[in-house]
Amino acid sequence: MASVTLQHVEKDYGALRILHGVDLEIADGEFVVLVGPSGCGKSTLLRMIAGLEEVTGGEIRIGERLVNDVAPKDRDIAMVFQSYALYPHMDVSSNMGFSLLLKKAEKTTIDGRVGAAAKRLGLESFLGRLPRQLSGGQRQRVAMGRAIVRDPKVFLFDEPLSNLDAKLRVHMRAEIKALHQQLKTTSVYVTHDQVEAMTMADRIVVMHDGYVQQVGHPLEVYDRPANIFVAGFIGSPGMNFLPAKVAKGGKVDAVLADGQKLRLPDGLPWTDGDALTVGLRPEHIRLADDGALKAEVEVVEPLGLSTQFYVRLANQQICVFVMGRSSIRPGDTVRLSAEPAALHLFDPDTGDRIG
């Protein structure tokens, strides 16, 4: 196992800069998820760690070793791709052990490692099958097994669950997390799915347009997003954003576009008339008969265990998430409330968090 260190890593394609000075320390044994929308640079960064893309600027180290100019095969990493990339003419056992065969490892070593990996992944009864005889989830396990038998210093995962259906993604997500807890190998995982990031990572790295927006424990990023982009990207359903202005009286309120008010938390240096953006997570908004806000229900989504409402507030649609079932219907008027401590406040010009 080894740490991975990125120091001011940049990537250009001609005049187009894809990555802008990424700095990141991944500890030995840590599971770090790079998350962000398509085109943010996360897969490019992973491929640079793997040696599949050249580094334009900066340094990449695996352990203490500078690997900028080291060939992928010599970096002691193993990569699991979005496509399973299995050899169709080889059975499961041969696919899993092929990298060791290329290294001219002893047959007993290959058989031992393949057998151990197959047992760990529940593939013992599939070793003689060809890839076409396997389900999508089984093929993904084989791809993971191929990586495990190499006993690498670092695992790299490039959106490995994207081709699976929703139910199987949940199952495989738990399997990968359990596998990491057993192996404790340093792992870097790329996904655009923030639920995968939140549930699997020791730390997440939120990326946007080639920049790292925030690095932290999943709940830390969820509770204190650094800016509007992170706040809107992390969380499902996403955070609601409402433009407002500060009104200072006996208390300090945020006045929304339709004149309704939300009480702001104490202790911040507000000036009367300051513009701000108020962020509210759907699960932090309560339906309350004495709520300070009035909204009209537009859409009701019953989910069984919970209910999502889309309501019209301050001239825009926002989402409200409540546990349990409800008799509220579209067209109803509801009262809403939110504690000042539940508000996320952002500068509307920079997008940065306030306070």
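# Exercises: a cavity, two pockets and helix 4

Helix 5 supplies the largest share of the lining of the largest cavity, 4 residues. Helices (H or I, at least four residues) and strands (E, at least two) are DSSP runs, numbered from the N terminus. This is a predicted model, in which local features need pLDDT of at least 70 and side-chain atom pairs count only at pLDDT 80 or more, while totals for chains, interfaces and linings use all residues. Residues are numbered from 1 along each chain as its sequence is written, and side-chain values use heavy atoms, with hydrogens and water left out.

## Exercise 1. The cavity

Describe the largest cavity and its lining.

**Solution**

Step 1. Fix the terms. On a 1 Å grid over the protein atoms alone, a cavity is a set of points where a 1.4 Å probe fits but cannot get out; a pocket is an open set with protein on both sides within 12 Å along at least five of seven lines; lining residues have an atom within 4 Å of a point. Points are joined across faces, edges and corners, and a volume is the space filled by probe spheres set on them.

Step 2. Count and size. There is 1 cavity of 30 Å³ or more. The largest cavity has a volume of about 50 Å³.

Step 3. List the lining. Phe31, Phe155, Phe157, Ile176, Leu179, His180, Leu183, Thr185 and Ser187 line the largest cavity. Strand 7 (154–158) and helix 5 are the elements that give two or more residues to this lining.

Step 4. Sort by class. Ala, Val, Leu, Ile, Met, Phe, Trp, Tyr, Cys and Pro count as nonpolar, Asp, Glu, Lys and Arg as charged, and the others, Gly among them, as polar. The lining of the largest cavity has 6 nonpolar, 3 polar and no charged residues.

## Exercise 2. Two pockets

Describe the largest pocket and the second largest pocket.

**Solution**

Step 1. Take the largest pocket. Its volume is about 500 Å³. The lining has 19 residues, and Met79, Phe81, Ser99, Arg146 and Arg150 lie nearest the centre. Strand 6 (77–80), helix 2 (92–102) and helix 4 are the elements that give two or more residues to the lining. Helix 2 gives the largest share, 4 residues. By class, the lining of the largest pocket has 13 nonpolar, 2 polar and 4 charged residues.

Step 2. Take the second largest pocket. It holds about 180 Å³ of space. Its lining includes Asp253, Lys261, Arg263 and Asp290. Strand 13 (261–263) and strand 19 (333–337) each supply at least two lining residues. The largest share, 3 residues, comes from strand 13. The classes are 5 nonpolar, 2 polar and 4 charged.

## Exercise 3. Helix 4 and helix 5

How are helix 4 and helix 5 oriented to each other?

**Solution**

Step 1. Choose the descriptors. Two packed helices are described by the angle between their axes and the distance between the axes. Axes are lines fitted to C-alpha atoms, for helices over the stretch in contact, and angles run from 0 to 180 degrees between N-to-C directions.

Step 2. Read the values. Helix 4 (residues 136–149) and helix 5 (residues 166–183) pack at about 20°, with their axes 11 Å apart.

Step 3. Classify. Angles under 35 degrees count as roughly parallel, over 145 as roughly antiparallel, 65 to 115 as roughly perpendicular and the rest as oblique. Helix 4 and helix 5 are therefore roughly parallel to each other.

Step 4. Find the contact, meaning heavy atoms within 4.5 Å. Among the residues that make it are Gln140, Met144 and Ile148 of helix 4 and Met172, Ile176 and Leu179 of helix 5. The contact of helix 4 with helix 5 has 7 nonpolar, 4 polar and 2 charged residues.

## Exercise 4. Two other partners of helix 4

Classify the packing of helix 4 with helix 3 and with helix 2.

**Solution**

Step 1. Start with helix 3. Helix 3 (residues 107–121) and helix 4 pack at an angle of about 135°, with their axes 9 Å apart. They are therefore oblique to each other. Arg113, Val114, Ala117, Arg120 and Leu121 of helix 3 meet Arg141, Met144, Gly145, Ile148 and Val149 of helix 4.

Step 2. Turn to helix 2. Helix 2 and helix 4 pack at an angle of about 30°, with their axes 8 Å apart. They are therefore roughly parallel to each other. Val92, Asn95, Met96, Ser99 and Leu100 in helix 2 meet Val142, Gly145, Arg146 and Val149 in helix 4.

## Exercise 5. Backbone details

Which residues does a cis peptide bond join?

**Solution**

Step 1. Name the pair. The cis bond joins Ser236 and Pro237, with omega about 0°.

Step 2. Place it. Pro237 sits in the loop between helix 8 (228–233) and strand 11 (240–248).
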